[in-house]
Amino acid sequence: MKRGELAPAAFTRPLLSWYTKENTRGGNDHGQQEILYRQCYPSLYRYALWALRDHHQAEEAVQETFLSALPKAAEVTALDRPEGWLMQTVKHKVLHLCREQ
């Protein structure tokens with residue numbers, strides 16, 4: 001995978017599947033979160049890959065971002081700019097991973 005390329009869909013499908021299952025418990029329809037995931041994943045991944053220069057760590061940072069958004073899904077999607085919240089969160093995850101190295 002070349003620098004700047006997006007993760008193949010095969011990498012994102014398992015997380016998306018789990019993410020949407022978690023958010024549809026109790027009969028609630030959370031298609032908005034799925035749309036947000038699909039729209040924001042590419043830019044979050046690109047940033048993480050640029051900052052970390054490692055495909056696996058970039059994926060980990062983005063996955064941790066969405067997992068931290070999971071308990072706050074209703075609040076995050078209700079924001080005026082939820083993608084801004086997600087970008088700030090991925091930046092913090094990237095910094096955390098950089099400190100661990």
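Here is a short tour of the structure, one selection at a time.

**The whole chain**

Start with everything shown as a cartoon, and keep in mind that this is a predicted model. You'll see five helices and zero strands in the protein chain, so to colour by element from the N terminus you go α-α-α-α-α. Switch on the surface next: about 6,300 Å² of the chain is accessible, and carbon and sulfur atoms account for 52% of that. Of the 101 residues, 36% count as buried. Take the contacts with a separation of 6 or more, and 66% of them link residues 24 or more positions apart.

**Helix 5**

Now select residues 82-100, which make up helix 5. Put a distance between the C-alpha atoms at its ends and you get 27 Å. That agrees with expectation, because 19 residues at 1.5 Å a residue should span 27 Å.

Which residues of helix 5 are buried? Show side chains for Pro-82, Leu-86, Thr-89, Val-90, Val-94 and Leu-97. Turn the view to look down the axis of helix 5: these buried residues fall within an arc of 145°, so they line one face of the helix. An α-helix has 3.6 residues a turn, so residues three or four places apart point the same way.

Roll over to the other side of helix 5 and pick out His-92 and Arg-99, which are exposed.

What covers the buried residues of helix 5? Bring back the neighbours to find out: the cover includes helix 2 (31-52), helix 3 (55-69) and helix 4 (73-78).

**Two salt bridges**

Side chains of opposite charge can pair when their charged atoms come close. There are two salt bridges in the structure, and both are worth a stop.

For one, go to helix 2 and select Glu-34 and Arg-38, which sit four residues apart, about one turn of the helix. Their side chains meet in a salt bridge, 2.9 Å from N to O. How accessible is each partner? Arg-38 counts as exposed because its relative accessibility is 52%, over the 50% cut-off. Glu-34 is partly exposed, with a relative accessible area of 26%.

For the other, select Arg-81 and Glu-83, whose side chains meet in a salt bridge at 3.5 Å, N to O. Arg-81 is exposed, at 55% relative accessible area, whereas Glu-83 has 31% relative accessibility and so counts as partly exposed.

Methods: Residues are numbered from 1 along each chain as its sequence is written. This is a predicted model: local features need pLDDT of at least 70, side-chain atom pairs count only at pLDDT 80 or more; totals for chains, interfaces and linings use all residues. Side-chain values use heavy atoms; hydrogens and water are left out. Helices (H or I, at least four residues) and strands (E, at least two) are DSSP runs, numbered from the N terminus. Buried means under 20% relative accessible area, exposed over 50%, partly exposed in between (1.4 Å probe, protein chains only). Contact means heavy atoms within 4.5 Å. Accessible areas come from the Shrake-Rupley method with a 1.4 Å probe; for residues, only the protein chains shown count as cover. The expected span of a helix is 1.5 Å times one less than its number of residues. The arc is that of the directions from the helix axis to the C-beta atoms. A salt bridge is a side-chain nitrogen of Lys or Arg within 4 Å of a carboxyl oxygen of Asp or Glu.
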